[in-house]
Amino acid sequence: EEIPKTFDQVVATVTKTLLSVWGSFVERLPYFLAALLILLLTWVGSWIASRLLHRIWLNRSGLRLSLRELIDRFVSIGIWILGLLLAAMVVFPGLTPSNALGAMGILSIAVGFAFRDIFENFFAGVLLLWRFPFENGDFIECQGITGQVERVQVRMTTVRRTSGELVVLPNSFLFKNPVQVLTERPKRRIMIVAGVAYGEDVDAAVEVIEKAVRECSTVEESRPVQVFPLGFGSSSIDIEVAWWADPTPLDQRRSRGEIVSAVKRALDDAGIEIPFPYRTLTFKEHLKIEGLN
């Protein structure tokens, strides 16, 4: 008889607790609904503020795209912080702004230790957006990864490689490693090395190569074309050829291909030899050739 009584007491206690929780929930349900309404209004307000900010100021300010996006995100984050703080104060009437900010400070420290990498990428993304050495559409190279920047977000940057693959790079990776912005300037310099035979007139070869390069359509006319003898190669006199062309990888390849073809054609037309590698073999003993004494 003791066991059934104990069981009945446990059931009664659990039932009373559940009814109390349910009653408290029903009693505070209007507060929860009000908090949900505040969050909904926060979302709408953030969207409206973003549109008005772009229409009234950002689109007319002349600021670069990256800085406009950063300001837009900071405004949105500020509105959401205020909305969440107000919703928390509605759900918990005894909560004051100072207590809420203090709790958020302690919580931010705990969350910061737990999600250190995420926050590191976030702050790196903010710095990249603020300083922004590259924009969407620029070609960059970082640690062997070369491609076109598709989008810079607060936590990560997406890069489309020249071979077609999409690479997602954490912003801290870009912030900590050297990044080459290939399209930061409208033109880039390209260099190749050509070779002529030792028996040819080097000065004449330089003139022929320089004239051929200047006549190419992909060469920037306002920048100098530089052609200089470079050194003594194993089977040729090496000549360095430098010029300026459009900066994208495709433009660089197209220009290099045009120059190589033009230089080869010009040297052939001038009768200047582009030598094959020559090898001189020396034997310790004289070779015996059959049929000869």
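**Exercise 1. Classify the accessibility of D246 in this predicted model, and identify the partner with which D246 forms a salt bridge.**

Solution.
1. The relative accessible area of D246 is 31%.
2. Buried means under 20% and exposed means over 50%; D246 is therefore partly exposed.
3. The salt-bridge partner is K187, with the closest N and O atoms 2.3 Å apart.
4. This pair links distant parts of the chain, 59 residues apart: K187 lies in the loop between β5 and β6, and D246 in the loop between β8 (237–245) and α7 (249–269).

**Exercise 2. Determine which residues are joined with K187 into one salt-bridge network.**

Solution.
1. Begin with the surroundings of K187: apart from neighbours within four places in sequence, this residue is in contact with E220, W244, A245 and D246.
2. E220 forms a salt bridge with K187, and their closest N and O atoms are 3.3 Å apart.
3. E220 is located in the loop between α6 (202–214) and β7 (226–232), whereas K187 is in the loop between β5 and β6, so the pair ties together parts 33 residues apart in sequence.
4. With a relative accessibility of 22%, E220 counts as partly exposed.
5. K187 also forms a salt bridge with D246.
6. Through shared partners, salt bridges join K187, E220 and D246 into one network.

**Exercise 3. Establish where the salt-bridge partners D268 and K264 lie, and how many residues separate them.**

Solution.
1. The closest N and O atoms of D268 and K264 are 2.4 Å apart.
2. Both residues belong to helix α7; their separation of 4 residues is about one turn of the helix.
3. D268, at 41% relative accessibility, is partly exposed, and K264, at 42%, is partly exposed.
4. In the whole structure, the search finds 7 salt bridges.

**Exercise 4. Deduce which strands form the edges of the open sheet of 5 strands.**

Solution.
1. The strand order is β4-β3-β2-β1-β5, with antiparallel pairing.
2. An edge strand pairs on one side only; β4 (166–170) and β5 meet this condition.
3. Within the sheet, β1 (residues 139–142) and β2 (residues 145–152) pair over 4 bridges in the antiparallel sense.
4. F139 stands opposite Q148 in β2.

**Exercise 5. Locate V44 and describe the nonpolar surface patch to which V44 contributes.**

Solution.
1. V44 is placed in helix α1 (residues 2–61).
2. Its relative accessibility is 30%, so V44 counts as partly exposed.
3. The patch covers about 910 Å², and its members include L37, W43, V44, W47 and I56.
4. For the protein as a whole, the accessible surface is about 20,000 Å², of which 62% belongs to carbon and sulfur atoms.

Definitions and conventions. Residues numbered from 1 in each chain as written. Predicted model: local features only at pLDDT ≥ 70, side-chain atom pairs only at ≥ 80, totals over all residues. Heavy atoms only, no water. Contact = heavy atoms within 4.5 Å. Areas by Shrake-Rupley, 256 points an atom, 1.4 Å probe, with all protein chains shown as cover. Patch = residues over 30% accessible without salt bridge, like charges linked within 9 Å, V, L, I, M, F, W, Y side chains within 5 Å. Salt bridge = Lys/Arg side-chain N within 4 Å of Asp/Glu carboxyl O. Helix = DSSP H or I, 4+ residues; strand = E, 2+ residues; numbered from the N terminus. Buried < 20%, exposed > 50% of the residue type's maximum accessible area, 1.4 Å probe, protein only. Pairing = 2+ DSSP bridges.
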